[in-house]
Amino acid sequence: MDLVIFTVRDGRLQVLLIERGNLPYRGEAALPGGFVRDGEALGAAARRELREETGVGGGSLYLEQLHAYGDPGRDPRGRIISIAYLALGPDLPMPQTETDASAAHWIPVSSILDGQITLAFDHEEILREGLERARSQLEHTTIAAAFCKESFALADLHQI
């Protein structure tokens, strides 16, 4: 389970990244995520991982299943299949790590796209597909409202 979580902070599109606390890729930047527990629904696992690794609650976020990733070699521990989720929310709070992440930060998406920050596993591919999905949703749906607080002006939507 991997999560691409976008918000707008300081007028910029940002993504939530963790610093991995465990092997493989200890100390490297990655998307939040983890394993689904026995008897746990996928959406519930996504919300739990979000809360455990970042302290951000999933109740107020727009959350949708993005894609399944299962290429051999995507994880050095063995054949791992991941269901990625896209989450969007307005000016989300500073994250607090609670489990196997040693830190969590909001990072401008542009710093990943221009190569300043590299991501563990195949997480850059997942991030890029999440970004493309969000862009598509912004063009064809009312999803831009997910980036705005409960009360917002039309100027806020234009900025998004």
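Okay, one term before we start: when I say buried, I mean a residue with under 20% relative accessible area. By that cut-off, 46% of the 160 residues in this chain are buried. And keep in mind that what you're looking at is a predicted model.

So, the overall layout. We've got four helices and six strands. Reading from the N terminus, the order goes β-β-β-α-β-β-β-α-α-α. On contacts: take the ones between residues at least 6 apart in sequence, and 65% of those join residues at least 24 apart. As for the outside, the accessible surface comes to about 8200 Å², and carbon and sulfur atoms account for 49% of that.

Now let's walk along the strands, starting at the front end. Strand β1 is residues 2-9, strand β2 is residues 12-20, and the two pair antiparallel over four bridges. Together they make a hairpin with two residues between the strands, and in that hairpin D10 has a positive phi near 55°. If you want to find the spot on screen, look for R9, which sits opposite R12 in β2.

Stay on β2 for a moment. Strand β2 also pairs with β6, again antiparallel, over seven bridges. And then there's strand β3, residues 29-30, which runs antiparallel to β2 and is joined to it by two bridges.

Which residues does I18 face in those pairings? In β6, the bridge partner of I18 is A104. In β3, the residue opposite I18 is A30.

While we're around β6, have a look at S102. That strand covers residues 101-108, and S102 is in it. S102 and E19 are 83 residues apart in sequence, yet their C-alphas are 5.5 Å apart in space. Is S102 buried, exposed or partly exposed? It's partly exposed, because its relative accessibility is 43%, and that label covers whatever falls between 20% and 50%.

Last stop, the largest pocket. Its volume is about 400 Å³. There are 26 residues lining the pocket, and the ones nearest its centre are M1, G33, G34, F35 and R77. The elements giving two or more residues to that lining are β2, α1 at 42-54, and β5 at 82-88. So our friend β2 turns up here too. For the chemistry of the lining, count 13 nonpolar residues, six polar and seven charged.

That's my tour. Happy to rotate the model if anyone wants another look.

How values were computed
Residues are numbered from 1 along each chain as its sequence is written. This is a predicted model: local features need pLDDT of at least 70, side-chain atom pairs count only at pLDDT 80 or more; totals for chains, interfaces and linings use all residues. Side-chain values use heavy atoms; hydrogens and water are left out. Buried means under 20% relative accessible area, exposed over 50%, partly exposed in between (1.4 Å probe, protein chains only). Two strands pair if DSSP finds at least two bridges between them. Contact means heavy atoms within 4.5 Å. Accessible areas come from the Shrake-Rupley method with a 1.4 Å probe; for residues, only the protein chains shown count as cover. On a 1 Å grid over the protein atoms alone, a cavity is a set of points where a 1.4 Å probe fits but cannot get out, and a pocket is an open set with protein on both sides within 12 Å along at least five of seven lines; lining residues have an atom within 4 Å of a point. Grid points are joined across faces, edges and corners, and a volume is the space filled by probe spheres set on the points. Ala, Val, Leu, Ile, Met, Phe, Trp, Tyr, Cys and Pro count as nonpolar, Asp, Glu, Lys and Arg as charged, and the others, Gly among them, as polar.
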